[in-house]
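Here is a short report on one protein chain. Keep the structure in view as you read.

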Amino acid sequence: MDAPGASAAADGVNFCLFSRHAKRAELLLYEAADSAEPFQTVVLDAEGNRSFYFWHVFVEGLPVGTCYTWRVDGPGDAAQTGRRF
(Lines give C-alpha, C1' and ligand atoms only; values in the text may rest on other atoms or scores of the structure.)
Protein backbone atom coordinates (compact mmCIF):
# COMPACT_ATOMS: atom_id res chain seq x y z
CA MET A 1 0.00 0.00 0.00
CA ASP A 2 1.28 3.45 -0.94
CA ALA A 3 0.42 6.92 0.29
CA PRO A 4 -3.06 8.27 -0.52
CA GLY A 5 -3.56 9.22 -4.15
CA ALA A 6 -2.50 7.47 -7.34
CA SER A 7 0.96 5.90 -7.73
CA ALA A 8 1.98 4.69 -11.19
CA ALA A 9 4.04 1.53 -11.65
CA ALA A 10 5.33 -0.19 -14.78
CA ASP A 11 2.33 -2.56 -14.92
CA GLY A 12 -0.51 -0.35 -13.60
CA VAL A 13 -1.59 2.17 -10.99
CA ASN A 14 -2.12 1.81 -7.26
CA PHE A 15 -4.95 3.93 -5.85
CA CYS A 16 -5.26 4.68 -2.15
CA LEU A 17 -7.81 6.66 -0.12
CA PHE A 18 -7.91 7.45 3.60
CA SER A 19 -11.34 7.43 5.22
CA ARG A 20 -11.73 6.60 8.87
CA HIS A 21 -15.49 6.07 8.72
CA ALA A 22 -16.15 4.78 5.20
CA LYS A 23 -18.12 1.55 4.98
CA ARG A 24 -17.91 1.15 1.18
CA ALA A 25 -15.65 2.56 -1.57
CA GLU A 26 -15.71 2.52 -5.36
CA LEU A 27 -13.07 3.79 -7.76
CA LEU A 28 -14.51 5.38 -10.91
CA LEU A 29 -12.21 5.54 -13.95
CA TYR A 30 -12.68 8.05 -16.80
CA GLU A 31 -11.01 8.32 -20.21
CA ALA A 32 -10.73 12.12 -19.88
CA ALA A 33 -11.46 14.85 -17.33
CA ASP A 34 -14.61 15.87 -19.23
CA SER A 35 -16.00 12.33 -19.71
CA ALA A 36 -19.66 12.20 -18.72
CA GLU A 37 -19.51 8.59 -17.49
CA PRO A 38 -16.78 6.32 -16.15
CA PHE A 39 -15.55 3.56 -18.45
CA GLN A 40 -15.04 1.32 -15.41
CA THR A 41 -16.19 1.24 -11.80
CA VAL A 42 -14.09 -0.82 -9.39
CA VAL A 43 -16.00 -1.87 -6.27
CA LEU A 44 -13.55 -2.34 -3.41
CA ASP A 45 -14.01 -5.15 -0.93
CA ALA A 46 -13.67 -4.15 2.74
CA GLU A 47 -11.86 -7.42 3.50
CA GLY A 48 -9.33 -7.37 0.66
CA ASN A 49 -9.02 -3.69 -0.22
CA ARG A 50 -8.90 -2.00 3.19
CA SER A 51 -6.00 -1.80 5.62
CA PHE A 52 -6.81 0.06 8.84
CA TYR A 53 -8.44 3.29 7.49
CA PHE A 54 -6.90 3.05 4.00
CA TRP A 55 -8.82 1.75 1.00
CA HIS A 56 -6.54 0.62 -1.83
CA VAL A 57 -6.62 -1.17 -5.15
CA PHE A 58 -4.10 -1.87 -7.91
CA VAL A 59 -5.43 -1.59 -11.48
CA GLU A 60 -3.27 -3.38 -14.04
CA GLY A 61 -2.61 -1.96 -17.49
CA LEU A 62 -4.25 1.41 -16.88
CA PRO A 63 -3.32 3.96 -19.59
CA VAL A 64 -1.40 7.10 -18.64
CA GLY A 65 -3.75 10.07 -18.35
CA THR A 66 -6.71 8.10 -17.01
CA CYS A 67 -8.79 10.29 -14.68
CA TYR A 68 -10.48 9.00 -11.54
CA THR A 69 -12.82 9.85 -8.69
CA TRP A 70 -13.96 8.00 -5.59
CA ARG A 71 -17.51 7.18 -4.51
CA VAL A 72 -17.55 6.51 -0.77
CA ASP A 73 -20.41 5.58 1.54
CA GLY A 74 -20.59 5.72 5.30
CA PRO A 75 -22.65 7.10 8.17
CA GLY A 76 -24.78 10.12 7.38
CA ASP A 77 -24.89 11.55 10.87
CA ALA A 78 -23.94 15.17 10.17
CA ALA A 79 -26.10 16.56 12.98
CA GLN A 80 -24.35 14.46 15.64
CA THR A 81 -20.76 14.12 14.38
CA GLY A 82 -20.40 16.35 11.32
CA ARG A 83 -19.78 13.32 9.07
CA ARG A 84 -21.64 13.22 5.79
CA PHE A 85 -21.24 10.65 3.07
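## Two cysteines apart

In this predicted model, the sulfur of Cys16 has its closest cysteine sulfur in Cys67, 19 Å away. That is too far for a bond. A disulfide is a covalent bond between the sulfur atoms of two cysteines. To count here, the two sulfur atoms must lie within 2.5 Å. The gap from Cys67 is also 19 Å, with Cys16 as the closest partner, so no bond forms from that end either. The count of disulfides is zero.

How exposed or buried are these cysteines? Cys16 is buried, because its relative accessibility is 2%. Cys67 has a relative accessible area of 25%, so Cys67 is partly exposed.

## The nonpolar core

How many residues make up the largest nonpolar core? The answer is 13. Those with the most contacts inside this core are Phe15, Leu27, Leu29, Val57 and Val59. Three elements give two or more residues to the core: β2, β3 (24-30) and β6 (54-60).

Take Leu27 and look at what it touches. Setting aside residues up to four places away in sequence, its contacts include Phe15, Val57 and Val59. Leu27 also touches Gln40, Thr41, Val42 and Leu44. Tyr68, Thr69 and Trp70 complete the list for Leu27.

## A sheet of three strands

Next, follow the strands. One open sheet has three of them, in the order β4-β3-β7. Their pairing is antiparallel. Which strands stand at the edges? They are β4 (40-43) and β7 (67-73). Each has a single partner strand, so one side of each has no neighbour in the sheet. On average, neighbouring strands of this sheet are turned by 20° against each other, with direction ignored.

Look at the pairing of β3 with β4. These strands run antiparallel and are joined by four bridges. Glu26 has Val43 in β4 as its bridge partner.

## A charged network

Side chains of opposite charge can pair when their charged atoms come close. The structure holds two salt bridges. In one, the side chain of Glu26 meets that of Arg24, at 2.3 Å from N to O. Glu26 is buried, because its relative accessible area is 7%. Arg24 counts as partly exposed, because its relative accessibility is 40%.

Glu26 also forms a salt bridge with Arg71, at 2.7 Å from N to O. This pair links distant parts of the chain. Glu26 sits in strand β3 and Arg71 in strand β7, 45 residues apart. Arg71 has a relative accessible area of 47%, so Arg71 is partly exposed. Which residues do the shared partners join into one network? They are Arg24, Glu26 and Arg71.

## An exposed loop residue

Where is Ala10? Ala10 lies in the loop between β1 (5-9) and β2 (12-18). Is Ala10 buried or exposed? Ala10 counts as exposed, because its relative accessibility is 90%. The cut-off for exposed is over 50%.

Now compare Ala10 with Trp70. They are 60 residues apart along the chain. Their C-alpha atoms are separated by 23 Å. Trp70 is also among the residues that Leu27 touches.

Terms used
Residues are numbered from 1 along each chain as its sequence is written. This is a predicted model: local features need pLDDT of at least 70, side-chain atom pairs count only at pLDDT 80 or more; totals for chains, interfaces and linings use all residues. Side-chain values use heavy atoms; hydrogens and water are left out. Buried means under 20% relative accessible area, exposed over 50%, partly exposed in between (1.4 Å probe, protein chains only). A nonpolar core is a set of buried Ala, Val, Leu, Ile, Met, Phe, Trp, Tyr and Cys residues joined through side-chain atoms within 4.5 Å. Contact means heavy atoms within 4.5 Å. Two strands pair if DSSP finds at least two bridges between them. Axes are lines fitted to C-alpha atoms, for helices over the stretch in contact, and angles run from 0 to 180 degrees between N-to-C directions. A salt bridge is a side-chain nitrogen of Lys or Arg within 4 Å of a carboxyl oxygen of Asp or Glu.
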